[in-house]
Amino acid sequence: MIPEGSLLVARDLHKAYGPTPALDGAEFSVHPGEVVAVMGPSGSGKSTLLHCLAGIVTPDSGTITYDGRELSSMPDAERSALRRTEFGFVFQFGQLVPELTCVENVALPLRLTGVKRKEAERTALHWMERLEVADLGHKRPGEVSGGQGQRVAVARSLVTSPRVVFADEPTGALDSLNGERVMQLLTEAARSTNAAVVLVTHEARVAAYSDREVVVRDGKSRDMMMEHTV
Amino acid sequence: MSIGHTLLGLLESGPCHGYDLKRAFDEKFGHDRPLHYGQVYSTMSRLLKNGLVEVDGVEAGGGPERKRYAITAAGVTDVETWIKQPEKPEPYLQSTLYTKVVLALLTGRDAGDVVDTQRAEHLRLMRALTERKRHGDLSDQLICDHALFHLEADLRWLELTAARLDQLATEVRS
Ligand SMILES: Nc1ncnc2c1ncn2[C@@H]1O[C@H](COP(=O)(O)OP(=O)(O)O)[C@@H](O)[C@H]1O
Ligand SMILES: [Mg+2]
């Protein structure tokens, strides 16, 4: 059963690195505007699931459907174009280009799709304002704090107005206060643009910003909300 | 914590005398508060009346401590329902949650299920608190934060307990 109105759906995903399976029949679905937390112990396959959903990693078997299109049957070029224009990414750390200023970092995804510098940086500044880091525009990532850097990264993930934001432990390196603020701003921004968010986290306080949680254990997934309503 | 469910769960491993049941309970769950015999017998007679256990044999000499109890099919269902049912998130849940995880492992059930269902229940409340925090004033935020950190601590402890006991159970079985 594919949940009605889903934007991104994965069925029966399998992926092994060598002999040990990282995904073993995982399922997933998310609606536009919905924030879904992917939870589970370390090594359970959460990041592998996210990478498959985002078309970064190809599963050994199973299907991923984005907006009615089968990801695995797309040519590589089309899949990368999708990643650039319709998907946004936030990771735990190490994602900003150190040689670029913060505003150049935020503008980068737009520049890669051919948007002119001036326009790209104007849109970038808009998102930096929403993430409360507009004043950091001309600093380099090495000159800002962890919490500020992560807000810059969130601004960058939203700059193309993606339809899906993939966030893998986005608050993992932050203290509680900064983590809360990043989650608040990320979920508010995503809701206001009707973007779906796939949020990998092992922290319940972070998952509490989601609409529902999917638990991954030993490469298998459980949709807790579905089990409760069935 | 439900003594009735705990005794029932212990009986799932096989029929047992009242005395041995008390000993098993004290050893696994009664560290600082062993059961009184009176509690065991009143609990067992209630379980008997409700059809959750049956008398499997009586040794000569009479006396309730000589009765051997066995769990009935209805009793197994009762344990199953209890273990699967999440607890209402509130302070001082640890002994109940600990008991559920240990009994799940002892009876060959999945302790991860206990964790997942309880997490879902906790998260339901945590989402409501997070939402309240979003719209509330500073004092609302502080009160909600306090509750959120405590609920998260419950879950982290439960996850760690389940992982540790699972490892322990694997070691014991192998
Ligand atoms: N690129 C890789 N090469 C080899 N093994 C990997 C790779 N990525 C993940 N794994 C393995 O797959 C399993 C799941 O990993 P991962 O998806 O990163 O888990 P999680 O994000 O839940 O911690 C782990 O056993 C991990 O060691
Ligand atoms: Mg990971």
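## A guided tour of chains A and B

At 42% relative accessibility, A:E119 counts as partly exposed, because partly exposed covers the range between under 20% (buried) and over 50% (exposed). Select this residue to begin; the model on display is a predicted one. A:E119 belongs to helix α4 of chain A, which runs over residues 117–130. Next, add A:Y209 to the selection. The two residues, A:E119 and A:Y209, are separated by 90 residues in sequence and by 32 Å in space, C-alpha to C-alpha.

**Chain A as a whole**

Now select all of chain A and display it as a cartoon. The chain contains 8 helices and 10 strands. Its C-alpha trace spans about 50 × 40 × 35 Å along the principal axes. For 230 residues, a compact globule would have a radius of gyration near 17 Å, and the 17 Å of chain A agrees with this. Of the 230 residues in chain A, 53% are buried. Among contacts in chain A with a separation of 6 or more, 70% join residues that are 24 or more positions apart.

Switch to a surface view of chain A. The accessible surface is about 10,000 Å², and carbon and sulfur atoms account for 52% of it. Colouring by charge will show 25 positive and 30 negative side chains in chain A, with the centres of the two sets 5 Å apart.

**From helix α4 to A:G142**

Return to the cartoon and follow chain A past helix α4. The loop between α4 and α5 (146–158) of chain A holds A:G142. Is this glycine buried or exposed? With a relative accessible area of 75%, A:G142 is exposed, since the cut-off for that class is over 50%. Select A:P98 as well: A:G142 and A:P98 are 44 residues apart in sequence, and their C-alpha atoms are 6.6 Å apart in space.

**Two aspartates with positive phi**

Most residues other than glycine have a negative phi. Two stops in chain A depart from that pattern. The first selection is A:D12, in strand β1 (residues 8–17) of chain A. Phi of A:D12 is near 50°, a positive value. This aspartate, A:D12, is partly exposed, at 40% relative accessibility.

For the second selection, move to the loop between β4 (61–66) and β5 (69–70) of chain A, where A:D67 is found. Phi of A:D67 is likewise positive, near 50°. A relative accessibility of 37% places A:D67 in the partly exposed class.

**The contact between the chains**

Display both chains together. How many residues does the contact take from chain B and from chain A? Chain B contributes 19 residues and chain A contributes 22. The size of an interface is often given as the accessible area lost when the parts come together. Here, chain B and chain A bury about 1,700 Å² between them, with 50% of that area on carbon and sulfur atoms. On the chain B side, select B:D116, B:R127 and B:R134, which lose the most area to chain A and together supply 35% of what that side buries.

**Helix α2 of chain B**

The last stop is helix α2 of chain B, residues 18–28. Select B:G18, B:L21, B:K22, B:A24, B:F25 and B:D26, which are buried residues of this helix. To see what surrounds them, display α1 (3–11), β1 (16–17), α3 (37–49) and β3 (67–71) of chain B, the elements against which the buried residues of α2(B) pack.

Methods: Residues are numbered from 1 along each chain as its sequence is written. Chains are lettered from A and ligands numbered from 1 in the order in which they are written. This is a predicted model: local features need pLDDT of at least 70, side-chain atom pairs count only at pLDDT 80 or more; totals for chains, interfaces and linings use all residues. Side-chain values use heavy atoms; hydrogens and water are left out. Helices (H or I, at least four residues) and strands (E, at least two) are DSSP runs, numbered from the N terminus. The radius of gyration is taken over C-alpha atoms; the globule rule is 2.2 Å times the number of residues to the power 0.38. Buried means under 20% relative accessible area, exposed over 50%, partly exposed in between (1.4 Å probe, protein chains only). Contact means heavy atoms within 4.5 Å. Accessible areas come from the Shrake-Rupley method with a 1.4 Å probe; for residues, only the protein chains shown count as cover. Lys and Arg count as positive and Asp and Glu as negative; His and the chain ends are not counted. The place of a charge is taken as NZ of Lys, CZ of Arg, CG of Asp or CD of Glu. Buried area is the accessible area (1.4 Å probe) that two parts lose on being put together, summed over both.
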